[in-house]
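Work through these exercises with the model open beside you. Try each task before you read its solution.

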Amino acid sequence: MRNIERHLLGVARAHRLQRLTIAFSDGWYPAGDRNEAASLRDGRRAHVWLGSNWVGPDDTDHLPAVLENELGHILRRDNERSTVLQAVGVFLTVLVTAWLPLALAVLAAAALRLLYTGWVWHSEFACDARAVRTCGHVAVIALWRRNTDLLRTLPQSARLGIVLRAAATHPPYRLRVWWALRITAPPGAASHPLAVLPAVYDTIPPLAA
């Protein structure tokens, strides 16, 4: 944890953040998902929540990619932009409901929702690109494959429900793998200060056709 805090301190200094803190999400919510990862920025202050699995013995190797993805959201101010976009979306939905026939209003509201989902997916792809450039293709692809394998352990009905709910805010893992393969990463990207890459990663091709 000290290494993580030291890394965050360096990021905060590099990007002129007054404070960049971190905490375990399941520390204050015991029933929470230990695979959780979230972030929040308010002006020059930011915070990252991580599930304890990411610093456990089985998933520590995925920590750099998860952390850099969340740092991407912080540096892009995604939560602040999301708040503004959702407020605008609600305002426009109220307008079209008041002025358009019901059928057209429903279509307009659906279109607004799709536009917002498109923006959210775009922000996730941008943060994935940051993770690739700081951690390398191998680490990011291994993370999404790990999440895909976890989904496969669930019953089909539960898996379908999770995928449908997640699609409103996150692209499918296979699409994220496809995107990660097409990001250009510098030669030293895999040398992240928190990286612990096991030998099994050697079996994952860094760039596929």
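The exercises below go from the sheet to the helices.

This is a predicted model, where local features need pLDDT of at least 70, side-chain atom pairs count only at pLDDT 80 or more, and totals for chains, interfaces and linings use all residues. Residues are numbered from 1 along each chain as its sequence is written, and side-chain values use heavy atoms, with hydrogens and water left out.

**Exercise 1. Work out the strand order of the open sheet, and name its edge strands.**

Solution.
- Start with the terms. Strands (E, at least two residues) and helices (H or I, at least four) are DSSP runs, numbered from the N terminus. Two strands pair if DSSP finds at least two bridges between them.
- Read the order. The three strands lie as S1-S3-S2, with mixed pairing.
- Find the edges. Strand S1 (19-24) and strand S2 (37-42) each pair on one side only.
- Check the twist. Neighbouring strands of this sheet are turned by 15° against each other on average, direction ignored.

**Exercise 2. Decide for S1 with S3, and for S2 with S3, whether the pair runs parallel or antiparallel.**

Solution.
- Recall the rule. Strands of a sheet pair through backbone hydrogen bonds, either parallel or antiparallel.
- Take S1 and S3. Six bridges join them, and they run parallel. Ile22 stands opposite Val48 in S3.
- Take S2 and S3 (residues 45-50). Six bridges join this pair too, but the strands run antiparallel.
- Follow the partners. Ala37 faces Leu50, Arg41 faces Ala46, and Asp42 faces Arg45.
- Look at the link. S2 and S3 form a hairpin with two residues between them. Gly43 in the turn has a positive phi of about 65°.

**Exercise 3. Place helix H3 against the sheet and against H1.**

Solution.
- Begin with the sheet. H3 (residues 63-76) lies across S1, S2 and S3, at about 25° to S2. Axes are lines fitted to C-alpha atoms, for helices over the stretch in contact, and angles run from 0 to 180 degrees between N-to-C directions.
- Add H1 (residues 2-14). The axes of H1 and H3 come within 12 Å and cross at roughly 30°.
- List the contact (heavy atoms within 4.5 Å). Ile4, His7, Leu8 and Val11 of H1 meet Leu63, Leu67, Glu68 and Leu71 of H3.
- Sort these residues. Six are nonpolar, one is polar and one is charged. Here Ala, Val, Leu, Ile, Met, Phe, Trp, Tyr, Cys and Pro count as nonpolar, Asp, Glu, Lys and Arg as charged, and the others, Gly among them, as polar.

**Exercise 4. Describe how H3 and H5 pack, and compare the span of H5 with the expected value.**

Solution.
- Get the geometry. The axes of H3 and H5 (residues 102-135) come within 8 Å and cross at roughly 125°.
- Name the angle. H3 and H5 are therefore oblique to each other. Angles under 35 degrees count as roughly parallel, over 145 as roughly antiparallel, 65 to 115 as roughly perpendicular and the rest as oblique.
- Sort the contact residues of H3 with H5. Eight are nonpolar, six polar and five charged.
- Turn to the span. H5 has 34 residues and reaches 49 Å from its first C-alpha to its last, close to the 50 Å expected at 1.5 Å a residue. The expected span is 1.5 Å times one less than the number of residues.
- Step past the end. Just after H5, Gly136 takes a positive phi of about 95°.

**Exercise 5. Find the relative direction of H6 and H8.**

Solution.
- Read the values. H6 (residues 137-152) and H8 (residues 173-180) pack at about 170°, with their axes 9 Å apart.
- Conclude. That makes H6 roughly antiparallel to H8.
- Sort the contact of H6 with H8. Seven residues are nonpolar, three polar and three charged.
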